[in-house]
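Here are my notes on the model you sent over. I've kept them as numbered points, so you can follow along with the coordinates open.

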Amino acid sequence: RSTSAQELTPRLYWPSPKGTKVLVTGVSHVSGDVFFDRNVPLYGVESDINVGILAYLQTIELWGRSSNFLVELPYSWGNTTGFVGETPARSDFSDFGDLRFTVTANLLGAPSMTLEEFLEFRAAPRPIIGASLKLVAPTGQYDSDRLINVGANRWATRLQLGSVVPLTPTWLLELEGGVWFFGDDDEFLPGAREQDPVYSVQANLVKRFRPGLWASLDLTYFDGGRQTIEGVELDDVQHNVKLGGTLVVPFAGRHAIKIGYANGVVTSYGTDFDQFLLTYQVLLN
């Protein structure tokens, strides 16, 4: 969906000790003008969407560098109301979304580290340059006879470069730039759909209070994404700004709670929403 291309992801390139394994569960609540495609005949749309999150992250070594592999499985339920022409309409949905796989590699500044080496790095962080590849597979629920679906019925790939710049030992500035590429959806109800790439830049200002306890202010800008339906090019280019914040609180040694919020500050086209996020993560080793 369009919201998947507009993620706020602080600490994406912060390293972890070799062999780290983390299990994440949680829920996200999104409300507003979301989860539908602007080229279908829906007007006055309001949505309330909940997304259950199950994810697994493992730190791996790629070419001697600190790297991560992440797999995510979302489950969405909620409703969308609006008008088809002048007729009121409502859609309720509940099903699994598209599987997501992400590989992140730190190219400079963060080699693969033992726990002792990581503790030294955390005390005196160095600049980092990293890259990531995210793949979204069309595994989610999709019915070609419905205007609104949980799954996107197309492949999507994000390529991203990022950096972590230590301003002080406890203040970090993260800068990221990326691009989403989308496959075609030949079963889209109004007609076969193509979409141009969506480009993004993101900045996160991170404050580390103590090990595991941190907060960030997150800002991102998205541009592009023009769609073509049945050969007709739409006037739907996005020029959107999202602002958010994140807080992570550790407890009982291996456990942590993450709280997040994001809002569309400027939305020229696409989704305009309020998003709340609450997740629980546990270190497995």
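1. Start with Arg154, and bear in mind that this is a predicted model. Beyond its neighbours within four places in sequence, Arg154 touches Val136, Pro138, Phe182, Gly183, Asp184, Arg193 and Gln195. With Gln195 there is a side-chain polar contact of 2.7 Å. Arg154 sits in the loop between β6 (128–136) and β7 (156–166), and it is buried at 9% relative accessible area.

2. Have a look at the backbone next door. Asn153 belongs to the loop between β6 and β7 and has a positive phi near 60°, despite being a residue other than glycine. Is Asn153 buried or partly exposed? It counts as partly exposed, at 22% relative accessibility, with the cut-off for buried being under 20%.

3. Arg11 deserves a similar glance. Its phi is positive, about 65°, and it is not a glycine either. You'll find Arg11 in the segment before β1 (21–33), where it counts as buried at 17% relative accessibility.

4. Now the strands around that loop. β6 and β7 run antiparallel, with nine bridges between them; one of the pairings puts Ile129 opposite Ser163 in β7. β7 also runs antiparallel to β8 (residues 171–182), this time through 11 bridges, and Val165 has Leu173 as its bridge partner in β8. The hairpin from β7 to β8 takes four residues.

5. Which residues have the most contacts inside the largest nonpolar core? They are Trp14, Met113, Phe121, Ile128, Val164 and Leu172, in a core of 14 residues. Apart from that core lies another, of six residues, including Val136, Trp180, Val198 and Phe222. Val136 is also one of the contacts of Arg154 from point 1. As for Met113, leaving out its neighbours within four places in sequence, it contacts Pro15, Pro17, Lys18, Phe118 and Phe121.

6. Salt bridges: the whole structure has three. Lys18, just mentioned as a contact of Met113, pairs with Glu61 at 3.8 Å, N to O. Lys18 is in the segment before β1 and Glu61 in strand β2 (residues 42–62), so this pair ties together parts 43 residues apart in sequence. Glu61 itself is partly exposed, at 45% relative accessibility.

7. Glu72 and Lys134 make another salt bridge, at 3.5 Å, N to O. Because Glu72 lies in strand β3 (residues 65–84) and Lys134 in strand β6, the pair ties together parts that are 62 residues apart in sequence. Both ends count as buried: Glu72 has 18% relative accessibility, and Lys134 has 5%.

8. Arg193 and Asp185 also form a salt bridge, with 3.9 Å between the closest N and O atoms. Arg193 is buried at 2% relative accessible area, and Asp185 is buried too, at 0%. This takes us back to point 1, since Arg193 is among the contacts of Arg154.

9. Finally, the overall numbers. The chain has one helix and 16 strands, and 45% of its 285 residues count as buried. Among contacts with a separation of 6 or more, 64% are between residues 24 or more positions apart. The chain exposes about 13300 Å², with carbon and sulfur atoms supplying 62% of that.

Key. Residues numbered from 1 in each chain as written. Predicted model: local features only at pLDDT ≥ 70, side-chain atom pairs only at ≥ 80, totals over all residues. Heavy atoms only, no water. Helix = DSSP H or I, 4+ residues; strand = E, 2+ residues; numbered from the N terminus. Buried < 20%, exposed > 50% of the residue type's maximum accessible area, 1.4 Å probe, protein only. Polar contact = N/O pair within 3.5 Å; in protein donor to acceptor, adjacent residues only side chain to side chain. Contact = heavy atoms within 4.5 Å. Areas by Shrake-Rupley, 256 points an atom, 1.4 Å probe, with all protein chains shown as cover. Pairing = 2+ DSSP bridges. Core = buried A, V, L, I, M, F, W, Y, C linked by side-chain atoms within 4.5 Å. Salt bridge = Lys/Arg side-chain N within 4 Å of Asp/Glu carboxyl O.
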